[in-house]
Amino acid sequence: MNVIVVPDYEQLSLHAAEAVAAEIRARARTVLGLPTGNTPKGMYRELVRMHQAGELDFSGVVTFNLDEYWGLSPDHPMSFAYYMRTHLVDHVNIPPGQAHWPQSQGDQDAACRAYEEQIRAAGGLDLVVLGIGNNGHIGFNEPGTPFDSRTHVVRLAEETRLANFRGYGFPDLDAVPKFGISMGIATIMSARRVLLLASGREKATAVARTVAGPVTEQVPASILQRHPDATIIVDEEAAFALASREA
Ligand code: PGA
């Protein structure tokens, strides 16, 4: 796993956006797996800026959100579909039908199968960008998720619901859904490249366990040690618990 330590959140966002832009420019059609949450907001801001400055064309970009709350419609303001439209899709030239998010209502098995089929039909994922939970989750793959999992419906860990309540503006904890639908660990690992972003001191333990701990289903992100092309970009605060840091 390549580890890139940058001074702060601003640099992390610029590095991440450059990495995504390089993938988009490298081929006529690029299939991206994309995260939501607070961490990637700066990256999306920079990608939108690049597009509006005429530096980046999204016409060949196909996106798949990593995850979604189960039970929230795509129009719900707290849904990840809404987030993705607000932070990226509405501001760039991704053609209609090329931005995907998992179905979040109705038949769960059918929703999971359909998402895997859509990813397969798109030719597989070129790059997946990930955030990381304080508990080491990637997507909504909580500790204990089998490494061979594909898209599945998950019961959210209480610490995830609490973190999302605090971080995402839900009116109260009861409003945070109890279930999510997420690309599985094996789905993420099937991507040709993986880029994980972590910012802030509260992510330092999860980062250290991801980079330097044992590969274990108790720390879902630790599986990235086995990916042939995984990079983790961390700011100084998130790198706090790493033994050696790179500039
Ligand atoms: P955050 O979420 O970027 O809002 O910290 C990351 C995650 O839970 O995956």
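Student: Where is the place of Pro 40 in this structure?

Tutor: Happy to start there. In this predicted model, Pro 40 sits in the loop between β2 (30–34) and α2 (41–52).

Student: Why is Pro 40 called buried or exposed?

Tutor: Buried means under 20% relative accessible area. Pro 40 has 1% relative accessibility, so it counts as buried. Leaving aside neighbours within four places in sequence, Pro 40 is in contact with Tyr 9, Pro 35 and Tyr 83.

Student: And how far apart in space are Pro 40 and Trp 70?

Tutor: Their C-alpha atoms are 21 Å apart, with the two positions 30 residues apart in sequence numbering.

Student: What about Glu 116: why does it count as buried or exposed?

Tutor: Glu 116 belongs to helix α4. Its relative accessibility is 16%, and the cut-off for buried is under 20%, so Glu 116 counts as buried.

Student: Which side chain makes a polar contact with Glu 116, and what makes it one?

Tutor: The partner is Thr 187, with 2.7 Å between the side chains. A polar contact needs N or O atoms within 3.5 Å, one able to donate a hydrogen and the other to accept it. The 2.7 Å pair of Glu 116 and Thr 187 is therefore within the limit. Beyond four places in sequence, Glu 116 is in contact with Arg 150, Thr 151 and Thr 187.

Student: Let's turn to the ligand. Which residues surround it?

Tutor: They are Gly 37, Asn 38, Thr 39, Gly 131, Ile 132, Gly 133, His 137, Tyr 168 and Lys 203.

Student: What polar side-chain atoms lie by an oxygen atom of the ligand?

Tutor: One belongs to His 137, at 2.7 Å. Tyr 168 offers another at 2.8 Å, and for Lys 203 the distance from an N or O side-chain atom to a ligand oxygen is 2.6 Å. As for cover, the ligand has 280 Å² of accessible area on its own, and the protein covers 82% of that.

Student: Gly 133 was in that list. Why is Gly 133 called buried or exposed?

Tutor: Its value is 8%, and the buried class is under 20%, so Gly 133 counts as buried. Gly 133 lies in the loop between β6 and β7 (152–155). It touches Lys 203 and Ala 206, not counting residues up to four places away in sequence. Gly 133 and Gly 37 are 96 residues apart in sequence, yet their C-alpha atoms are 9.8 Å apart in space.

Student: Which residues touch the most other members of the largest nonpolar core?

Tutor: That core has 34 residues, and the ones touching the most other members are Phe 64, Leu 125, Leu 130, Met 183, Leu 196 and Val 234. Elements giving two or more residues to this core include β1 (2–6), β3 (61–65), α4 (108–121) and β9 (193–198). A second, separate core of 30 residues includes Leu 32, Tyr 44, Leu 88 and Leu 197.

Student: What is Leu 196 in contact with?

Tutor: Its contacts beyond four places in sequence include Leu 130, Ile 138, Leu 224 and Ile 232.

Student: How do you know whether the radius of gyration of the whole chain agrees with a compact globule?

Tutor: For 247 residues, a compact globule would have a radius of gyration near 18 Å; the protein chain has 17 Å, so the two agree. The C-alpha trace spans about 45 × 45 × 35 Å along its principal axes.

Student: How many helices and strands does the protein chain have?

Tutor: There are seven helices and 10 strands. Of the 247 residues, 55% are buried.

Terms used: Residues are numbered from 1 along each chain as its sequence is written. This is a predicted model: local features need pLDDT of at least 70, side-chain atom pairs count only at pLDDT 80 or more; totals for chains, interfaces and linings use all residues. Side-chain values use heavy atoms; hydrogens and water are left out. A nonpolar core is a set of buried Ala, Val, Leu, Ile, Met, Phe, Trp, Tyr and Cys residues joined through side-chain atoms within 4.5 Å. Buried means under 20% relative accessible area, exposed over 50%, partly exposed in between (1.4 Å probe, protein chains only). Helices (H or I, at least four residues) and strands (E, at least two) are DSSP runs, numbered from the N terminus. Contact means heavy atoms within 4.5 Å. A residue is near a molecule or strand if one of its heavy atoms lies within 4 Å of it. Accessible areas come from the Shrake-Rupley method with a 1.4 Å probe; for residues, only the protein chains shown count as cover. The radius of gyration is taken over C-alpha atoms; the globule rule is 2.2 Å times the number of residues to the power 0.38.
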